[in-house]
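Q: Please take a close look at one part of this model. Then follow it outward to what lies around it.

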Amino acid sequence: MESAENTLFENPSVDINSLPSTEEVTFNKLAIGYLWVMILRSNAFFIFISVIAGIFTFVNNDFEIDLWLYIVGSWFLFWILINVMIPFKYNKKGYAVRELDIIYKSGLWWRKKIIIPFNRIQHCEVQQGPFSKIFGLRSLTVYTAGGGNSDLRVAGIPEQQAEDLKEFVLSKITAENERNQ
Amino acid sequence: MREISSFFTPSRQSPIAILIFLIKFLRVTVRQGWAGVISLAVFFRRVEFSEWFLYVGVIVIMALYVFFSIYSYLKFYYYLKEGEIVIKKGIFTKTTINLPFEKIQTIDFKQNLIQQIFGVVEFAIDSAGSKKQEVSLSALPLDMAEQLREYILEEKKSLISENVEDIESSAEATKAPKSILRLSVPDLLKVGITQNHIKSLGLILVFFFGLLDQVRKLTEETDLDENQFEETVNSYFEETLITWIWLFSIAFLLFVPVVVSLVTTVFKYFDMQLLLGNDGLKLKSGLLNKKQKSTTLRKIQTVSWGWNPLQYLIGFFTIKIYPATASSIKVKNILTIPGSRAEQINKLLETLGFTEKSQNLKGHRMSPLYYIRAFWIIGLIPAIIIGTILFYFFTWNALFALLWPAFILTESYIEYKKWRLLVNEHVLKIRHGLFGLHYKLIYWHKIQAIKISQSPYQRRKNLATVVCFQAGHQMRIPYISIDLARQIEQYALYQIETDKAGWM
């Protein structure tokens, strides 16, 4: 059943390697403001946890001071590390719109890339979170049928651009639907 | 039979709906309110109200239920309008639901005992759309329900695919529903036995070991002094009596669940039939609660089949057919056939066009690094960490922790050995399994999104994991070479983007 040659299957009617690859696509970066959104969001989380831990240690202060220093020290080290990583993470995020599909990639350590063809999109939506609002950014979510597993969300797009992109995707969906009928 | 035009004037359901509403109310009360009822009862006991107060309370509540059942029956109207079905209902807040035919995914019939006695069905409509609304009519005479469904599905088809070349036309040429599969009662008994596989087997084993132990004890007690004989016989009888009582109650406790699940299997899947009709596949079953699930052929996303070791012994497979769903897949949407033979699967696959389309499959394995990685990450490293901790408590007995990585290695090696990705230009098929063997089959063009992911380790070794998403279901292809992953992605996108047949 197996053959040594590393092709997907025998006698393909098209040359698979000549099909357009998503590797050659140039990805659009997210707006630089989104880097700040990411930093704000992760620090808000850290501050929240720190305040709760602070209150907790203040209330029952029978901690050994050495142990306490270790914990606080490693906590802050972790905090700094996460912050250092954010720009790299931001750098890895990107989206691309091709003729027939939309692509989103992300992940610094665990890389992932999701591709949805326009003729499989159910609808799309533009949203805005509280941090993104400060920087005038919006996110575009593309929905597929059958629940959230294969939905695609691109955050950090300037407001007008997000609306334009949504209009573009919607027009692509209707065009695809008409083509199929 | 009624005129189709009569469906266009608002009408009520069958009056049996009152009874069904009433039972629904009672069931909800029993399910959610029993704690309240008990606490009320305790309260009354303490305050020492006279008993008639309780009775009056029950009667008042029952009267209210009857009233509301009748009232909601009277307020419930359904009718057809241009291209949609309209439902008006509501006791306190009036709601009108307009459901366009093209949003309708499936129409299922359900029958519980009462509905069966009065010859009515629950008419349940599953719909797509961002605002998911469950629409169901509790009681509709069977013939009317069938007429209505046929009409809606016919209208829907003409609305959606007015000029689309229908790929299913060949299958639809057969007018009368064709039976693909039918389960008899002996089949169901086999299904029942193979279903509570390892669990009940383990229980029975425990029971027999217990019995063996008893027998051994009895034989030991036989070499005794002659003098003591009389005395021992007496105590022996008493002891054995107690032991036997214990044994019987244990046997009872062990076998009752098996018997119960056998009986429920027979009731649940009684006279299961898989039919191929004009509007796709229909799966009927049930003795007291008759159920009917259906899907059009076009909507079918994944077909999976397989067996566990016990099913293998009697040559039975479990088949699952996953139709496209609006929200994420729910168990109730899957057409599950708990027992079928190889030739019946072949018949089904042929009906769905899979047999013809899955010739000349090329096989791919996943990377052997899959089980090596599993051995290190899930097996050895946790075992060493936990082993060193256990060493403080159990000294050298902690070496038993090393059984864990051995287990993981065997398990993931078997998984690696059995796993295959089988591909040709039409379909993707996956074979996998640990004890049993399972297959999953999809068409390339029925994929709706592709995800490629790589962990840092996979990136170093040029490996990737691909997920092919479908409407409500997904196929995961782990630990294949990045080159193969890219080919899958490129070919899938090509197939989807040039697809004209439609995927749901």
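A: **The sheet in chain B and its surroundings**

Phe317(B) stands opposite Ser340(B) in E13(B). This is a predicted model: local features need pLDDT of at least 70, side-chain atom pairs count only at pLDDT 80 or more, and totals for chains, interfaces and linings use all residues. Residues are numbered from 1 along each chain as its sequence is written, while chains are lettered from A and ligands numbered from 1 in the order in which they are written.

Strand E12 (residues 317-323) of chain B is joined to E13(B) by four bridges, and the two run antiparallel. Strands (E, at least two residues) and helices (H or I, at least four) are DSSP runs, numbered from the N terminus. Strands pair if DSSP finds at least two bridges between them.

Now widen the view. Seven strands of chain B form an open sheet, in the order E13-E12-E11-E17-E16-E15-E14. The pairing is antiparallel. Which strands stand at the edges? They are E13 (335-340) and E14 (362-364) of chain B. Each has a single partner strand, so one side of each is left without a neighbour in the sheet. On average, neighbouring strands of this sheet are turned by 15° against each other, direction ignored. Angles run from 0 to 180 degrees between N-to-C directions, with axes fitted as lines to C-alpha atoms, for helices over the stretch in contact.

A helix packs on this sheet: H10 (residues 342-351) of chain B. H10 touches E11 (300-307), E12 and E13 of chain B. Its direction makes about 20° with that of E12(B). Contact here means C-beta atoms, placed from the backbone, within 7 Å.

Further along chain B come two helices, H12 (residues 369-394) and H13 (residues 403-418). Their axes come within 8 Å and cross at roughly 165°. H12(B) and H13(B) are therefore roughly antiparallel to each other. The cut-offs are under 35 degrees for roughly parallel, over 145 for roughly antiparallel, 65 to 115 for roughly perpendicular, and oblique for the rest. Residues in the contact include Tyr370(B), Phe375(B) and Ile378(B) of H12(B), and Trp404(B), Leu409(B) and Tyr413(B) of H13(B). By class, the contact has 13 nonpolar, two polar and no charged residues. Ala, Val, Leu, Ile, Met, Phe, Trp, Tyr, Cys and Pro count as nonpolar; Asp, Glu, Lys and Arg as charged; the others, Gly among them, as polar.

Chain B also meets chain A. In all, 38 residues of chain A are in contact with 45 residues of chain B. On the chain A side, strand E4 (residues 111-117) gives the most, with seven residues. That side has 15 nonpolar, 15 polar and eight charged residues. E4(A) pairs with strand E18 (residues 449-454) of chain B over five bridges, in the antiparallel sense. Ile114(A) has Lys451(B) as its bridge partner in E18(B).

What secondary structure does chain A have? It comes to four helices and seven strands. Along the sequence, the pattern is β-α-α-β-β-β-β-α-β-β-α. Helices H1 (residues 33-59) and H2 (residues 65-92) of chain A pack at about 170°, with axes 9 Å apart. H1(A) and H2(A) are therefore roughly antiparallel to each other. Their contact has eleven nonpolar, three polar and no charged residues.

Terms used. Two residues are in contact if their C-beta atoms, placed from the backbone, lie within 7 Å.
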